Amino acid sequence: VLPTLKIEASARTEKMLAQTRARVLEGDDLVMWSEAAVLVKGEQEEKELLQRVQSLVGRGVPTNGSFVGFTYVLETTPKNGGSVLFNKFVLVAPGGTVAWRYTKSHLVPFIEADFTSGTATIPVYDTKKFGRLGGAICMDMEFPYFMRNAGNADVDFFLQPSDTWASMGLWALRAESWRVAENGFGGFRCGSGGASTVVGPNYQTYYFRRTAFAEVFAAEVPRFSRAPTLSRSDKRGV
């Protein structure tokens with residue numbers, strides 16, 4: 001689900017939630033937002049957004065069990081004034097369980113100069129549908145040593161919300177797809193302003209779409225099995 005930019009922030013959030021609900025009711029196994037899809041001001045708004053996403057996949061909801069990965073920019077105001085920004089990615093499992101809360105750890109120079117980075121730890125979550133999930137945000141995937149942590153954690157399917165611009169979208173897509181193949185897992189990139197794709201552990205492309213904004217798209221992909229690689233740092237490589 002890709003955001004509509006030229007509307008007021010609260011209206012954008014409402015539209016993203018409505019589009020997500022529609023996909024959940026369609027029975028999608030996974031619904032993803034692209035990077036920094038909405039703006040959240042303060043911890044109370046952050047809590048309310050989480051609760052609303054949880055209500056979409058909570059008990060009693062007519063769904064086969066959807067995971068929802070939603071993204072936002074969190075703006076907080078310290079007591080000493082000013083504002084602090086964080087780039088967030090939260091995954092909610094069927095039933096409303098929070099699988100992870102992740103803050104982008106590799107920030108884009110200049111573009112995200114006002115943001116605060118998170119801990120460089122890749123979140124993982126075990127599922128029956130996808131195997132072991134892992135996730136990070138956009139530029140995080142361009143760092144081989146960081147991504148090797150996902151390979152060494154036996155991740156089966158990696159989730160990446162992204163937001164790019166101009167020719168950067170396809171360049172970043174090619175570079176980050178190598179991180180998937182290097183570590184032997186499948187990867188789903190949900191990207192606005194560039195491209196979205198599903199890449200297999202042997203660098204196969206199962207889905208590719210040039211994406212801008214204000215779109216909702218769906219794809220069917222196989223369940224991936226891990227592939228042996230040369231870059232693993234332990235005995236599980238070849």
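How many bridges join strand 10 and strand 11, and in which sense do the two pair? Hi everyone, let me answer that straight away: strand 10, residues 194-199, pairs with strand 11 in the antiparallel sense, over 6 bridges. One of the facing pairs there is Val199 opposite Thr205 in strand 11.

Some housekeeping. This is a predicted model, where local features need pLDDT of at least 70 and side-chain atom pairs count only at pLDDT 80 or more, while totals for chains, interfaces and linings use all residues. Residues are numbered from 1 along each chain as its sequence is written, and side-chain values use heavy atoms, with hydrogens and water left out. Helices (H or I, at least four residues) and strands (E, at least two) are DSSP runs, numbered from the N terminus. Two strands pair if DSSP finds at least two bridges between them.

Now the sheet. It is open, has 6 strands in the order 6-7-8-9-10-11, and its pairing is mixed. At the edges sit strand 6 (124-127) and strand 11 (205-211), each of which pairs on one side only. Direction ignored, neighbouring strands of this sheet are turned by 20° against each other on average; the axes here are lines fitted to C-alpha atoms, and for helices they cover the stretch in contact, with angles running from 0 to 180 degrees between N-to-C directions.

Let's look at strand 8, residues 157-163. Because 6 of its 7 residues are buried, strand 8 is largely enclosed by the rest of the structure; buried means under 20% relative accessible area, exposed over 50%, partly exposed in between, with a 1.4 Å probe and protein chains only. Strand 7 (residues 131-135) runs parallel to strand 8, joined by 3 bridges, and Gly134 stands opposite Phe158. Strand 9 (residues 186-192) also pairs with strand 8 in the parallel sense, over 7 bridges, with Gly186 as the bridge partner of Phe157.

Between strands 7 and 8 we meet helix 3, residues 144-152, and the three make a right-handed β-α-β unit. Right-handed means that, with the strands pointing away from the viewer, the path from the first strand over the helix to the second runs clockwise. The buried residues of helix 3 are Phe146, Met147, Ala150, Gly151 and Asn152. After the helix comes Asp154, with a positive phi near 60°.

Last stop: Ser177, in helix 4 (residues 168-183). Ser177 is buried, at 8% relative accessible area. Leaving out residues up to four places away in sequence, Ser177 touches Val199 and Tyr203, where contact means heavy atoms within 4.5 Å. Thanks, everyone!
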